[in-house]
Each structure stands twice: as C-alpha cells, then as structure tokens.
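This report goes through a model of two protein chains, with attention to salt bridges, strand pairing and the contact between the chains. Please keep the sequence and the structure in view while reading.

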Amino acid sequence: MRTGRVVYGAAVHQCTPYEHGQILLDDGRVLDEHQVQWLVPFEVRTIFALALNYADHATELAAKSSADQGQFLKAQVSEPVVFLKGHNTLCGHNGLTRRPSDANFMHYECELSVVIGREAKNVPRARAMEFVGGYTVGNDYAIRNFLEPYYRPNLRVKSRDGCTALGPWFVPAGEVKDPMNLRLTTHVNGALVQEGNTRDMVHDIASLIEYLSSFMTLSPGDVIMTGTPKGSVDVKAGDEVVCEIEGLGALRNTLIADWSLTY
Amino acid sequence: MKTVVGALLNFQGAWAAMEAVMQREPHFKPPVHPVLYIKPANTWCASGTAVGLAPEVDAVQAGPTLGVVFRRTAARVSERDALSFVAGYVAVNDLTIAHEAVLRPPMKQKCRDGFCPIGPITLAEHVPNPNALALRTWVNGELRQDHSTAHLRRSVQRLIADVTEFMSLHEGDILLVGVPEDPPLLHAGDEVSIEIEGVGRVTNRLVREGMAR
C-alpha cells in the first residue's frame with residue numbers, strides 16, 4: 001500500500017489514498033488533500049541525482065550551449081553523471097520553492113525517484129532491482145544561469161533550499177510492475193510542457209544501482225533521482241508546476257518570489 | 001540526519017596551484033562562488049575506525065580540514081553574524097582520490113565508504129579565532145604537513161555567509177572549510193592523524209578492503 005506523511009492538527013500522520021482524491025489518515029479520519037501539509041513520504045538519507053540521463057534532454061541542453069560545451073555534454077553520458085543534494089533542498093507535495101530574483105532560467109525536472117530498500121554493496125545489475133524499496137515522484141529544480149563548470153552541476157544550481165520536491169506517495173516496489181516503462185509529464189499552470197517515458201533513460205535503474213554500489217554502500221532511505229527527459233521551460237514566481245508519473249502520482253509545487261522571504 | 005558539505009580550492013595555495021587550469025577548457029575562467037561538494041552519510045566515521053580501500057584504489061590523499069558544526073539553522077546569514085550559528089569545531093579527514101579534472105562531481109573520488117573520518121567536537125567558546133589554527137597531518141607518527149587556517153581564501157565567516165545564501169545549514173550539519181595544497185599521499189597500512197590546534201585530532205588506519213572493522 002502506498003503511503004504519505006502529512007501534518008494535520010499540528011501532528012504528523014501517515015496516510016493512504018482514499019476515494020475521490022481524498023486521503024485516509026492512520027487514525028481513520030478522511031480528509032481532502034488540501035487540508036493537510038504534505039511532508040516527504042519517507043526518511044531520506046543520501047539524495048543522488050542524475051544529470052543528462054535522457055538522451056533527448058542532453059541534446060536539448062547541447063543545442064542551447066556553445067559548441068565546446070555541446071561536445072562535452074555528449075561525452076559525459078558514457079559514465080553516469082551523478083551529483084548529490086543536501087537535506088536543505090527537500091520539500092513535500094504542494095510545497096513552495098523560491099525563485100531567486102537573479103535567476104533568468106529556472107526549470108523543473110520531473111524524475112522517477114528510486115528509494116533504496118536494503119543495504120547494497122557491489123550489487124550486479126541482474127540482482128539490482130531486489131534492492132529497490134519503492135518509488136516516488138521527484139522534481140529536481142535547477143537554475144541554469146547559476147552554472148559554473150566546477151563539480152558541475154554545482155550546488156548553487158541544484159542544492160538550493162526547497163529545490164527537491166518529493167511525493168506525494170511512497171509507492172512500494174511491488175506495486176510498480178515495470179518502472180522502466182512509465183510515462184512522465186510536467187504541466188505548468190495546466191499546460192503540458194514536458195513529456196517522456198522512463199524507457200528512454202541512458203542508464204537504467206539497475207545500471208545505476210550497480211554503478212553506485214560498485215564504489216559506495218547504498219542504504220535504506222537513499223534516493224536516486226534518475227534524470228529528466230526534454231522539455232525544460234523557464235518558470236516564474238506564481239507558477240504552479242505539476243510533475244506526474246504514471247501509476248505513482250502527481251507532485252504539485254508552486255514557485256514563490258524573493259519578496260516573500262523579506263520582512 | 002546531517003549534511004556535510006565541503007569547499008574545494010579554499011586555501012590560497014590550492015587555488016594558486018589550479019590557476020592555470022582554471023583558464024583552460026572546460027573552465028575558461030575561475031569560479032566566482034565557492035566550489036562545493038557533499039560528503040554523504042556512507043563516508044562518515046569516527047576516529048579510530050579502520051578505513052577500507054577497495055582493490056582498485058592504490059593511494060588516497062589525506063584531507064586535513066576544519067569542520068564547522070552548526071548549532072542552529074543558518075539561513076542567509078551575514079559574515080558578521082556567522083559565528084553565532086556555530087556549535088563548535090571538529091578535525092576532519094576529507095579523504096580523496098587525486099583528481100585533476102574538477103568538472104564532474106567527485107563521486108568516486110570523495111564519496112567512498114569511510115572517506116570522511118570526523119573527530120570529537122570542541123565547543124566554539126574554546127576556539128576564539130577559527131581563522132588562525134595550525135592544521136597538521138601526521139602519517140605513521142611523522143609530521144607530513146604543517147599548515148594553518150590563516151591561509152584560507154574565504155574566511156570561515158565569509159564561507160558560511162556564501163553557502164547559506166542558498167543552502168541552509170541546520171543543527172548538526174558540518175561545513176568543511178577546505179583542504180590545503182599538496183596533501184600527503186596515503187596507502188593501505190598507513191595510520192593518518194589530522195590535528196587541529198585547540199580543536200583536536202582524528203586518527204584512522206587505512207586497510208585493504210575486506211579487512212576493515
């Protein structure tokens with residue numbers, strides 16, 4: 001059964017989906033999803049994310065870069081480009097994410113996010129899926145004009161407060177028949193801006209677990225955000241961004257401006 | 001759960017050693033903002049823990065650095081207020097496999113199990129100036145590097161301000177202020193100790209993987 005974690009009546013509850021988009025709290029109360037504050041649906045340990053893991057997204061970025069950078073982007077994909085994000089970046093479903101006033105290209109990234117279920121070290125590809133505990137929808141925001149080519153994508157682009165939305169649900173691995181064939185979409189203010197399928201990943205889930213566990217130990221709660229397909233559009237303060245993955249759920253986030261942080 | 005974040009090129013000598021490379025492809029110019037990386041949970045270990053080296057790892061660089069431990073949430077703090085968010089300081093060994101290319105995030109170079117030994121905390125009240133601390137590396141009892149946080153490019157306060165501008169650090173999070181140039185090279189069997197004057201030590205032995213305890 002898929003589960004969420006919410007705050008209601010100033011207490012943290014586990015919840016499950018109910019009828020007509022409502023949710024069922026662990027104590028039996030039935031609520032509308034907007035009556036609660038949604039937390040990230042599981043205890044997060046290390047946050048891994050993939051750059052350039054969909055060929056069409058890499059091509060899209062290369063087209064917007066200089067020729068040198070374009071060649072670089074193509075050469076990168078022979079080995080997964082993995083980066084880490086801090087816990088400061090996390091927010092749940094219906095969260096608010098700050099768009100800094102000096103951003104000129106900030107975009108969402110809808111990503112299948114794989115939650116590790118048990119300790120994994122030196123796991124061969126053929127057994128890798130046994131180590132998956134479940135899945136959630138992720139939105140891995142980036143601010144492209146903050147890129148600097150040192151340990152790229154640098155933390156100022158990717159590891160910003162509130163720039164990793166995860167949820168709404170933790171979906172156990174057993175409920176997802178084929179995670180490598182799921183449709184992903186992003187809507188901004190109701191308009192479809194991004195569409196793809198997880199079958200187009202350059203490095204699939206099993207390969208990523210094999211790769212990472214070949215030099216480090218993965219543990220329960222580690223989450224691997226597996227990259228995003230093409231369809232990067234600049235989003236502005238006030239925009240509502242909904243990332244949806246077939247069978248997993250729809251993760252909503254709203255951009256807020258710098259002025260909302262002043263006092 | 002904590003975040004441990006480190007800064008590359010934050011010693012004057014480390015920066016100087018990279019200056020020519022910064023002008024070339026793929027960098028073309030020096031970084032404007034701190035170059036940061038995360039040491040994930042699998043890398044954290046205590047003083048005294050044996051650190052296993054995988055068969056493909058011949059040598060690692062010692063990573064002598066000062067760790068700044070936060071006592072309360074630091075979000076968008078000023079340089080002037082920065083130290084009021086600090087609980088204390090730790091000696092950290094930011095173990096690293098040497099890499100000249102700093103384009104990709106250093107996953108294989110910095111994120112292996114046990115690659116971030118962290119010493120015991122010394123409360124901030126006992127460390128009047130974190131920007132003037134001797135930073136020494138001992139290998140098998142021999143002093144191999146004698147450096148000082150006086151040679152930081154960004155002071156501890158400046159670094160806290162620049163990082164928390166976009167990345168809040170919370171109670172228990174640790175900011176590593178940088179590793180000096182020319183770090184001593186270590187091999188399996190070596191005992192390495194990072195000593196910070198007035199803060200403390202972190203001491204660990206490197207062993208072939210499979211023998212770590």
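A salt bridge here is a side-chain nitrogen of Lys or Arg within 4 Å of a carboxyl oxygen of Asp or Glu. The model is a predicted one.

## Salt bridges

Over all chains, the structure holds 31 salt bridges. One of them joins A:Arg252 to A:Glu33, with 3.7 Å between the closest N and O atoms. This pair links distant parts of the chain: A:Arg252 belongs to strand 19 (residues 249–257) of chain A, whereas A:Glu33 sits in the loop between strand 4 (30–32) and strand 5 (37–39) of chain A, and the two are 219 residues apart. A:Glu33 counts as buried because its relative accessibility is 19%, and the cut-off for buried is under 20%.

A second pair in chain A is formed by A:Arg127 and A:Glu130, whose closest N and O atoms are 3.2 Å apart. Are these residues buried or partly exposed? A:Arg127 is partly exposed, with a relative accessible area of 40%, and A:Glu130 also counts as partly exposed, at 43% relative accessibility.

In chain B, the side chains of B:Lys39 and B:Asp94 meet in a salt bridge of 2.6 Å, N to O. B:Lys39 lies in the loop between strand 2 and strand 3 (44–46) of chain B, and B:Asp94 in the loop between strand 7 and helix 2 of chain B, so this salt bridge ties together parts that are 55 residues apart in sequence. Both B:Lys39 and B:Asp94 are buried.

The table lists salt bridges for which a distance is given, including one between the chains.

| Residue with N | Residue with O | Closest N to O |
|---|---|---|
| A:Arg252 | A:Glu33 | 3.7 Å |
| A:Arg127 | A:Glu130 | 3.2 Å |
| B:Lys39 | B:Asp94 | 2.6 Å |
| A:Arg156 | B:Glu165 | 3.8 Å |

Salt bridges can also form a network, as they do among A:Lys85, A:Glu109, A:Asp140 and A:Lys158.

## Strand pairing in chain A

Strands of a sheet pair through backbone hydrogen bonds, either parallel or antiparallel. In chain A, seven strands form an open sheet with mixed pairing, in the order 7-6-17-11-12-14-8. Its edge strands are strand 7 (81–85) and strand 8 (90–91) of chain A, each of which pairs on one side only. Within this order, strand 11 (residues 110–116) and strand 12 (residues 132–140) of chain A run antiparallel and are joined by seven bridges. A:Val114 stands opposite A:Tyr135 of strand 12 of chain A.

Strand 15 (residues 183–188) of chain A is joined to strand 16 (residues 191–197) of chain A by six bridges, and the two run antiparallel. A:Arg183 has A:Asn197 in strand 16 of chain A as its bridge partner. Strands 15 and 16 of chain A form a hairpin with two residues between them, and A:Asn189 in the turn has a positive phi of about 50°. Strand 15 of chain A also pairs with strand 18 (residues 240–245) of chain A, in the antiparallel sense and over five bridges. There, A:Leu184 stands opposite A:Ile245 of strand 18 of chain A.

## A covered helix in chain B

How many of the nine residues in helix 3 (residues 156–164) of chain B are buried? Eight are, and the helix is mostly covered. Among the buried residues are B:Val156, B:Leu159, B:Ile160 and B:Asp162. The buried residues of helix 3 of chain B pack against strand 1 (4–8), strand 2 (35–38), strand 6 (64–70), strand 7 (86–93) and strand 12 (174–176) of chain B.

## The contact between the chains

In the interface, 41 residues of chain B are in contact with 38 residues of chain A. The two chains bury about 3,600 Å² between them, 57% of it on carbon and sulfur atoms. In chain B, B:Arg104, B:Met107 and B:Phe166 lose the most area to chain A, together 21% of what that side buries.

Four salt bridges are counted between chain B and chain A, and A:Arg156 with B:Glu165 is a salt bridge across the interface. The count of residue pairs in polar contact between the chains is 17. On the side of chain B that touches chain A, strand 1, strand 2 and helix 2 (107–110) of chain B each supply at least two residues. Strand 2 of chain B gives the most, with four residues. The residues on this side of chain B divide into 23 nonpolar, seven polar and eleven charged.

Key:
Residues numbered from 1 in each chain as written. Chains lettered and ligands numbered in written order. Predicted model: local features only at pLDDT ≥ 70, side-chain atom pairs only at ≥ 80, totals over all residues. Heavy atoms only, no water. Buried < 20%, exposed > 50% of the residue type's maximum accessible area, 1.4 Å probe, protein only. Contact = heavy atoms within 4.5 Å. Pairing = 2+ DSSP bridges. Buried area = accessible area lost by both parts, 1.4 Å probe. Polar contact = N/O pair within 3.5 Å; in protein donor to acceptor, adjacent residues only side chain to side chain. Nonpolar A, V, L, I, M, F, W, Y, C, P; charged D, E, K, R; others polar.
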